Amino acid sequence: MEGGRIASVDVTVVGSGPNGLAAAVVCARAGLSVQVLEAQPTLGGGARTLADPEFGGVSHDICSAVHPLALASPFLAEFDLPARGVTLKVPSVSYANPLPGKPTAVGYHDLERTCAELVHGDSWRRLLGPLTDRDDGVVNLLLGDKRSIPRDPIAAVFIARNMLEQGTPLWGKLAGADARALFTGVAAHAINKMPSFVTTGAGLMLATLAHTVGWPIPVGGSQAIPDALIADLRAHGGVITAGEEITEPPSGVVLFDTAPTALLKIYRDRVPGRYAKALQRYRFGPGVAKVDFVLSDEIPWADPRAAEAPTLHMGGTREQMAHAEKEIAAGRHADWPMILAALPHLADPNRVDEKGHRPLWTYAHVPHGSPVDQTETITKVFERFAPGFRDIVVAARSVPAARLADHNANLVGGDIGVGGNSLVHALAGPTPRLNPWATPIPKVYLCSSATPPGGGVHGMSGFYAARTMLRREFGIKKLPRLSP
């Protein structure tokens, strides 16, 4: 070992997030020697879980908490997390959206139950019913590499219809304020102005999965997912090192699970001029401010139906959410920002410590690089729907958008999409290239969520990057099996 690195290795993966680990697993199973280097002292990137600094029995998911793609992603489905001991609890309520002065809109795992409780349930069924019947086609299209013919043309037609309706000013065709808010809250996961094709694509996939595989919660926290990948990597001879920041180019073939701009700092004058200019022009999007609360009791919801939801969209009505996303895109803080929240203990009671403390995971959407602590803003929104919320808060761990990169260098300015949440990047990658996972730097590839298919814990960016690299560098065309 040299400073934590292996002196001679076929493939180096920089970054231990789910995409980097996915790439490493594919390469190791293909028979190559693989090392993974992680700058942070803990492994897992956006899927880490760490103990609260004061209440040790409470743990917080550092970035992602709920995992709709853990069972649906083609990579993770074949990898088969449940067969590897990862317990994924699927709650009966996928998500809920409290509404001012109206009943909470609830997205159940059961499509028909959801439709029955919405004012215009037939409209919701028209939007998502055909997609839930063809969910494999939906996932394969929206998580595909965008360069192949859709496997399910009928699913593609339904997606195209819904994209044109919900991604344009025609989005009023979804009837009912409750249904509109319910879908908009899901679409807002993509953090972009609405309506747009980017947010609608994310919303259609996530809302479809809510009614098929559900929105699973990993027992023990999100860390269970990277831990399973790490165990498989090591079982196939891979080596992984934490606390190893890369400042000079590693030898051999390298896959970067990093922001594309990191290549400028590492390769400097080795970056071809045109590509360097493209990376210098690369723009990151709006950010999130993270606040992890420790609660002493259950949230005192005014509408008790919200109490069943492990995932909550706290942005109000469709109009309020769209306004808030427009504000942050323009660099302004919204008075009522879009807030995502998760209560993993509702699916995993072991997340409650012996004294009854439990975690509340929250994000508030904010302008890129915002230094503003959002604890009070989030608290006020919860108080709006759960008077007395403030009284059960025993601790709040705030990380403004400007500081998220301290915990994960990829999250520049708090952008959890690593700049990938745009239609151009979703199709072409961080710079216009026929193969978005390759770079013009010899033996260097990108595998982060800045490359297609974009953000989320799905491993597909890593899978596609590894597939490209294996063919180009080692002549390996047949990919290895991923099942245990």
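In this predicted model, Thr-431 touches Tyr-275, Ala-278 and Leu-279, residues up to four places away in sequence being left out of the count. Thr-431 belongs to the loop between α15 (423–428) and β16, and it counts as buried because its relative accessibility is 5%. A contrasting environment is found for Asp-133, which is placed in the loop between α4 (121–132) and α5 (135–142) and is exposed, with a relative accessible area of 68%. The C-alpha atom of Asp-133 is separated by 37 Å from that of His-236, the two residues being 103 residues apart along the chain.

Strand β16 (444–446) is one of the two edge strands, the other being β9 (239–241), and each of these pairs on one side only. They belong to an open sheet of five strands, which follows the order β9-β2-β1-β10-β16 with parallel pairing and in which the twist from one strand to the next averages 20°. At the β9 edge, three bridges join β9 in the parallel sense to strand β2 (residues 34–37), and Val-36 stands opposite Ile-240 of β9. Helix α16 (residues 460–474) lies across β1 (11–14), β10 and β16, and it runs at about 165° to β10.

A further pairing is that of strand β6 (residues 93–99) with strand β7 (residues 102–108), which run antiparallel and are joined by five bridges. The two strands form a hairpin with two residues between them, and Gly-101 in the turn has a positive phi of about 70°. Within this hairpin, Tyr-95 has Gly-107 in β7 as its bridge partner. Because seven of the seven residues of β6 are buried, this strand is largely enclosed by the rest of the structure.

The largest nonpolar core contains 97 residues, of which Val-34, Phe-75, Leu-81, Trp-124 and Leu-255 touch the most other members. Helix α1 (residues 18–29) supplies the largest share of this core, namely eight residues. With residues up to four places away in sequence not counted, the contacts of Trp-124 include Tyr-95, Leu-111, Leu-118, Leu-174, Phe-183 and His-211. A second, separate core comprises 26 residues, among them Trp-301, Met-314, Ile-378 and Val-381.

Aromatic side chains form twelve pairs in the structure. One of them, between Phe-256 and Tyr-267, is edge-to-face, with 5.9 Å from centre to centre and 75° between the planes. This pair links distant parts of the chain, since Phe-256 is in strand β10 (residues 253–256) and Tyr-267 is in helix α10 (residues 262–267), eleven residues apart. Phe-256 counts as buried because its relative accessibility is 0%, and Tyr-267 is likewise buried, with a relative accessible area of 5%. Another pair, between Trp-301 and Phe-382, is tilted, with a centre-to-centre distance of 5.9 Å and an angle of 40° between the planes. It joins the loop between β11 (287–295) and β12 (311–313), where Trp-301 is found, to helix α13 (residues 375–385), which holds Phe-382, the two residues being 81 residues apart. Both Trp-301 and Phe-382 are buried.

One aromatic cluster is formed by Phe-75, Phe-79, Trp-437, Phe-463 and Tyr-464. Over the ring of Phe-79 sits the charged end of Arg-84, 3.6 Å from the ring centre. A corresponding arrangement involves Arg-318, whose charged end sits over the ring of Trp-171 at 3.9 Å from its centre.

Several positions concern the backbone, and for these it may be recalled that most residues other than glycine have a negative phi, and most peptide bonds are trans. Asp-80, although not a glycine, has a positive phi of about 65°; it is in the loop between α2 (74–79) and β5 (88–89) and counts as partly exposed, at 28% relative accessibility. Val-418 is also not a glycine and has a positive phi of about 50°; this residue is in the loop between α14 (404–407) and α15 and is buried, with a relative accessible area of 2%. The peptide bond from Met-194 to Pro-195 is cis, with omega near 0°, and Pro-195 lies in the loop between α7 (177–187) and α8 (197–210). A cis peptide bond also joins Pro-452 to Pro-453, with an omega of about 10°, and Pro-453 is found in the loop between β16 and α16.

Conventions: Residues numbered from 1 in each chain as written. Predicted model: local features only at pLDDT ≥ 70, side-chain atom pairs only at ≥ 80, totals over all residues. Heavy atoms only, no water. Buried < 20%, exposed > 50% of the residue type's maximum accessible area, 1.4 Å probe, protein only. Helix = DSSP H or I, 4+ residues; strand = E, 2+ residues; numbered from the N terminus. Pairing = 2+ DSSP bridges. Phe/Tyr/Trp six-rings, centres within 6.5 Å; stacked < 30°, edge-to-face > 60°. Lys NZ or Arg CZ within 6 Å of the ring centre and 35° of its normal. Axes fitted to C-alpha atoms, helices over the stretch in contact; angles between N-to-C directions. Contact = heavy atoms within 4.5 Å. Core = buried A, V, L, I, M, F, W, Y, C linked by side-chain atoms within 4.5 Å.
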